[in-house]
Amino acid sequence: MLAIIKKEFKSYFLSPIGYIYIGIFLLMCSIFFYLDIFTYMSTDFTYMFGSASTVLTFIVPLITMRMFSEERKNGTEQLLLTSPRSVTSIVLGKFIAAALVVLISIVATLIYFAILCYFGNPQVGKSLVALLGFGLLSLAYVSFGMFASSITENQIIAAVISIAFFMLSWFLPGFSSSFVNFSLMDAFYMSFINGAISIQNLVLLLSFTILFIIFTIMVIQRRKSVK
Amino acid sequence: MIQVKNVTKKYGNFLAVNDISFEVKDNEIVGFLGPNGAGKSTTMNMITGYIEPTSGRILVNGKEISKEPNKVKKQIGYMPENIPLYQDLTVREFINYMADLKFVKRKEKKEQVEKVLEQTGLIDVQKRTIKKLSRGYKQRVSLAGALIGNPEVLILDEPTVGLDPKQITEIRALIKKLGKKHTVILSSHILSEVSQICEKVIIINKGNILAVDTPEHLEEEFKEENSIHITVEDKENKIENVCEKIKELKSIKLLKENPDNTKQYALIANSNVDLRKEVFDIFPKNNISILELKKTEVTLEDAFLKLINEKELKEKKEKEEKEKSKREEELNNMTKEERKQAIKQDKKDKKEEFNKKWEENRKKEKEFKEEMKQQKKKEKINKKTSKKENKKGGKK
């Protein structure tokens, strides 16, 4: 699995995608840092994540859309699937590599936290909980993006499916309150951002992530017999 | 080594591979032959575990791929058809990655990579990005990827497609060399290649195995007749008389008269008789000089075409017969009046078809006639003008 993680992680930075992702994410974070925190003279670090989570909806598919679609289109999936590696380790390897890229960008936001610490006294606990929630939310997004990528060989379609799903999960609670308990965005908004770790939302995010990793494994496994 | 037992693969309703069984022994080079879409790649993909057969079993070294996939895959090096490669990696990085994927131990990795690079002639380009390589080099990289990890079985899907002649001979020599230590299965639709490299040929068409044999056997089997082609200079036209003297000769056929007064004949003999010596003896004695003498040989190509055509003809006949019997059944099931009408309809259809053809033919004839007319007109005009010119010239 380590070999796959290494190669996948490296290939994010061989093509410009990795840089573009981290670049856009940090750029948007800077803007939100200025608009949400700086202009209000606030020291609440969590404000930034409230806005940044909407950006995730549009940029996580940037990273995930190529995960399986590209391999399928170029035929390199043949190399992977005929190698003595199990489908599980291939999928997990790819997931971890993508998750690493996302997590690196999140860890980089600690720079803003350091700035806040220098000029004021932000609440450390609340900020870290928000950071954790944000990380979990992005892992769930990566997991679904990977699934979308595994069901089509067209990268654009994979990206559109992911964005559509993320937006649904974002806006559906606005239409009917019965969706509140199933919305990823709300799971983050309702608890983590206020500095509270709620078991319900933690379980929702984690189980969603694991579920779609398993779905991806099933899709790849199944294609062997259908193909 | 490799046993394929009653393997069938269906894509929806399409039967890609139909109940095939064969066996490949240790250190054997086997060639898969067949036209496009015959099921070569599908079979190879199934042996490598990329796709699963609809039914049947595949054993590699006694282990079933569907039950112990990772153990079996470790023994197989696969070079897929469309040379899929990670375009962003350099050659060395790619081969390193393939080595990692195949669990090559860290201590042996460097040595093995070095060896494979040398075998496939990639040392000069090892630091270049794969994207920027030419097709021939990409093919070698793909082959190198299959070779790394020293697998016991090599499966190469059309390894020489798209290479230049020099590269082709190089790769062929390499495969032959590899065949001494590995079991090799390769597919191709180039027959000369297969007959050069392989010890055994599996001819496959439309998902069915038509023949499994050595190339030599196949050639022998499809030899139609024992004949020699001969080009002679025969000023006195005695050849037929002379030929009557040769006992084993069955018949003689004039193939072609060359402009330099030489003639080419085909001499057909009873089977298993070599005529060449006798012909060489007798002909010069009778003032017939031999310019060329050649034994006709059946190539693998002929055998291949014959096998495939035979099968297709059979299928066609069967189909036609089926349609006929179907139609008859339909007629039998109808009432009298319906039958009458149906027969009338059939006749009508046939008539219409005939009329259509006839009209087409007439049209063609008309067109042809008009063309001829126009040509004649042109010729007349040409003649007139040339005559006029002649007259003018004469006056001057």
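Student: Is B:Ser195 buried, exposed or partly exposed?
Tutor: In this predicted model, B:Ser195 has a relative accessibility of 26%, so this residue counts as partly exposed, since buried would require a value under 20% and exposed a value over 50%.

Student: And where does B:Ser195 sit?
Tutor: B:Ser195 belongs to helix 7 of chain B, which covers residues 191–197. To place it against another residue of the chain, you can take B:Val116, which is 79 residues away along the chain and has its C-alpha atom 26 Å from that of B:Ser195.

Student: Ok, what about A:Gln78, buried or exposed?
Tutor: A:Gln78 has a relative accessibility of 15% and therefore counts as buried. You will find A:Gln78 in helix 5 of chain A, residues 77–81.

Student: What does A:Gln78 touch, if I skip its neighbours within four places in sequence?
Tutor: With those neighbours left aside, A:Gln78 is in contact with B:Asn45, B:Tyr50, B:Tyr78 and B:Pro80.

Student: Switching to helix packing: how do helix 3 and helix 5 of chain B cross?
Tutor: The axes of helix 3 (residues 91–101) and helix 5 (residues 135–147) of chain B come within 9 Å and cross at roughly 25°. Angles under 35 degrees count as roughly parallel, and therefore helix 3 of chain B and helix 5 of chain B are roughly parallel to each other. The crossing of helix 3 of chain B past helix 5 of chain B is right-handed.

Student: Which residues make that contact?
Tutor: Helix 3 of chain B contributes B:Val91, B:Phe94, B:Ile95 and B:Met98, while helix 5 of chain B contributes B:Val141, B:Ala144 and B:Gly145. Sorted by character, the residues of this contact are six nonpolar, one polar and no charged.

Student: What about helix 5 and helix 6 of chain B, how do their axes cross?
Tutor: The axes of helix 5 of chain B and helix 6 of chain B, the latter spanning residues 165–178, come within 12 Å and cross at roughly 10°, which means that helix 5 of chain B is roughly parallel to helix 6 of chain B. From helix 5 of chain B the contact uses B:Gly136, B:Arg140, B:Leu143 and B:Leu147, and from helix 6 of chain B it uses B:Gln167, B:Glu170, B:Ile171, B:Leu174 and B:Leu178.

Student: How many of those are nonpolar, polar and charged?
Tutor: In the contact of helix 5 of chain B with helix 6 of chain B, five residues are nonpolar, two are polar and two are charged.

Student: What comes right after helix 5 of chain B, say at B:Ile148?
Tutor: B:Ile148 lies in the loop that runs between helix 5 and strand 7 (153–157) of chain B. With a relative accessible area of 0%, B:Ile148 is buried. Beyond the residues up to four places away in sequence, B:Ile148 touches B:Ile95, B:Met98, B:Ala99, B:Lys102, B:Gln112, B:Val113 and B:Val116. One of these partners, B:Lys102, is 46 residues apart from B:Ile148 along the chain, and their C-alpha atoms are separated by 8.1 Å.

Student: How many residues are in the largest nonpolar core?
Tutor: The largest nonpolar core has 142 residues, and those with the most contacts inside it are A:Tyr21, A:Met48, B:Ile2, B:Val91, B:Phe94, B:Ile95 and B:Ile203. Its largest share, 14 residues, comes from helix 8 of chain A, residues 124–150. As background, nonpolar side chains in soluble globular proteins tend to be buried together.

Student: And what is in the second core?
Tutor: The second core is separate and has 17 residues, including B:Ile228, B:Ile239, B:Ile246 and B:Leu249.

Student: Where is B:Ile228, and what does it touch?
Tutor: B:Ile228 is part of strand 11 of chain B, residues 226–233, and it is buried, with a relative accessible area of 3%. Apart from residues up to four places away in sequence, the partners of B:Ile228 include B:Tyr265, B:Leu267, B:Leu275, B:Val279 and B:Lys294.

Student: Last one: which residues have a positive phi without being glycine?
Tutor: Two examples are A:Met41, with phi near 55°, and B:Ile83, with phi of about 35°. A:Met41 is in the loop between helix 2 (17–38) and helix 3 (46–64) of chain A and is exposed, with a relative accessible area of 74%. B:Ile83 is in the loop between strand 6 (76–79) and helix 3 of chain B, but B:Ile83 is buried, with a relative accessible area of 10%.

Definitions and conventions:
Residues numbered from 1 in each chain as written. Chains lettered and ligands numbered in written order. Predicted model: local features only at pLDDT ≥ 70, side-chain atom pairs only at ≥ 80, totals over all residues. Heavy atoms only, no water. Axes fitted to C-alpha atoms, helices over the stretch in contact; angles between N-to-C directions. Helix = DSSP H or I, 4+ residues; strand = E, 2+ residues; numbered from the N terminus. Parallel < 35°, antiparallel > 145°, perpendicular 65-115°, else oblique. Left-handed = near helix turned anticlockwise from the far one by under 90°. Contact = heavy atoms within 4.5 Å. Nonpolar A, V, L, I, M, F, W, Y, C, P; charged D, E, K, R; others polar. Core = buried A, V, L, I, M, F, W, Y, C linked by side-chain atoms within 4.5 Å. Buried < 20%, exposed > 50% of the residue type's maximum accessible area, 1.4 Å probe, protein only.
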